[in-house]
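User: Please take a close look at the side-chain pairing in this structure, and explain residue by residue what the coordinates support. Add whatever is needed to judge how far the answer can be trusted.

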Amino acid sequence: MSHEVSSADDLSTRERVAESILANGPSTASALAERLGLTPAAVRRHLEALLESGQVEAREQRVRGERRRGRPARVFALTDAGRDGFEHSYDDLAAQALRFLRDAGGDEAVTAFARARLAEFRRRYERVLAGVPVEDQPAVLARALTEDGFAASTSSTALGEQICQHHCPVAHVAEEFPQLCEAETEIFGELLGSHVQRLATIAHGDGVCTTHLPRATQSTTAVSHNPVSSTEGESS
C-alpha cells in the first residue's frame, strides 16, 4: 500500500513540475525547485522521468550578453508530447470561458481579451529584439518562440521572409475563436515594425502557422520606433 501511495505522490509531483514548465516556459532545475518548494535533487529525479517519457527535453540556456565561465545551465522545456497532456483539458475550460465572455460582451470582448493576453508576450519579446538589426529580427523572434514551445523557424522567399510555427498550444480553442490568431498576427507586426500577413494557421487545419513579411514593405527602423500591423491575408 505504501508503495502505491508513493507512486501516486511521485506522479502528482511530476505533473506539478510539468505544469510549472508549461506556465513559466523553459526552466532550470533550480528555478523549478524554488517555485515548487522542492529540493533540487527531487526536481532532478522527476525531470529525469519526464525526459525518459519524452514529455520534456533539455537544452542549453541561452545567455544574453557576456557569457559567464563554466558550463551553461540546462533548461527544461515541454515537448509537443508533453503539451498534449495538458491541451485538451485546458481547451475545454478555455473555450467555455470565451463563450461566456462572447455571450456577455460580444466578439469585441473576445478580441479585447486576446490582445490583453498577449500584452506581456509583446513586452518580453520587445526586450529580446531591442537593438537587433532589422534583417535579423525574424530569426531572433523565431528562436525566442521556439524556446517558448512554438517550434518556430524562418525561411526566405522571393517575396520576403516567413516565420513558421510548427506547434500552437491554443490551436483547438482558436478553431472557434480566430481572434486569438488575429491578435498574435497584430503583435508580430508591431514587434517587427512591418506589414505582415498570416498565410496559414494550425487552427484552420493547416500543418503550420505561417506569417509572411513582404520584403518590399519591411521597415528599416527599429522595432519600437514604427510599429505597424495588419491581419490581412488571414486564412479562413
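Analyst: Glu57 has a relative accessibility of 34%, so Glu57 counts as partly exposed; on this scale, buried means under 20% relative accessible area, exposed means over 50%, and partly exposed lies in between (1.4 Å probe, protein chains only). Glu57 is joined to Arg59 by a salt bridge in which the closest N and O atoms are 2.5 Å apart. The term requires a side-chain nitrogen of Lys or Arg within 4 Å of a carboxyl oxygen of Asp or Glu. Searching the whole structure turns up ten salt bridges, and the Glu57 and Arg59 pair is one of them.

The structure is a predicted model: local features need a pLDDT of at least 70 and side-chain atom pairs a pLDDT of 80 or more, while totals for chains, interfaces and linings use all residues. Residues are numbered from 1 along each chain as its sequence is written, and side-chain values use heavy atoms, with hydrogens and water left out.

Another salt bridge brings together the side chains of Arg102 and Glu176, at 3.5 Å from N to O. Arg102 sits in helix α4 (residues 80-117) and Glu176 in the loop between α7 (171-174) and α8 (179-192), so this pair ties together parts that are 74 residues apart in sequence. Helices (H or I, at least four residues) and strands (E, at least two) are DSSP runs, numbered from the N terminus. Both partners are partly exposed: Arg102 has a relative accessibility of 28%, and Glu176 has 32%.

Glu126 and Arg122 also meet through their side chains, in a salt bridge of 3.1 Å from N to O. Here the two residues share one helix, α5 (residues 119-129), and stand four residues apart, about one turn of the helix. Glu126 is partly exposed, at a relative accessible area of 29%; Arg122 is partly exposed too, at 26%. Elsewhere, salt bridges with shared partners connect Arg99, Arg102 and Glu176 into one network.

Now the aromatic rings. Rings of Phe, Tyr and Trp (its six-membered ring) pair if their centres lie within 6.5 Å; planes under 30 degrees apart are stacked, over 60 edge-to-face, and the rest tilted. That rule gives two aromatic pairs. In the pair formed by Phe121 and Phe188, the centres are 6.4 Å apart and the planes make an angle of 35°, which is tilted. Phe121 belongs to helix α5 and Phe188 to helix α8, so the pair ties together parts that are 67 residues apart in sequence. Phe121 is buried, with 9% relative accessible area, and Phe188 is buried at 0%. Ring pairs also bring in Tyr125, which forms a cluster with Phe121 and Phe188.

What about the cysteines? A disulfide would need a pair of cysteine sulfur atoms within 2.5 Å, and the count by this rule is zero. For Cys181, the closest cysteine sulfur is that of Cys209, and because the distance is 6.0 Å, it is too far for a bond. For Cys209, the closest cysteine sulfur is in Cys168, at 5.0 Å, which is also too far for a bond. Cys181 is buried, with a relative accessible area of 6%, and Cys209 is buried at 3%.

The backbone around one hairpin completes the picture. Strand β3 (152-157) pairs with strand β4 (residues 160-165) in the antiparallel sense, over six bridges; two strands count as paired if DSSP finds at least two bridges between them. Two residues make up the hairpin connection from β3 to β4. Within this pairing, Ser156 has Glu161 of β4 as its bridge partner. Ala151 is placed in the loop between α6 (137-147) and β3. The phi of Ala151 is near 50°, a positive value in a residue other than glycine, and Ala151 is partly exposed at 27% relative accessibility.

Finally, confidence. The chain averages a pLDDT of 82, and 80% of the residues score at least 70; pLDDT is the predictor's confidence in each residue, from 0 to 100. Residues 1-6 have a pLDDT below 50, and this stretch makes zero contacts beyond near neighbours in sequence. Residues 217-236 also fall below 50, but that stretch has 51 contacts in the model beyond near neighbours in sequence. A contact here means heavy atoms within 4.5 Å.
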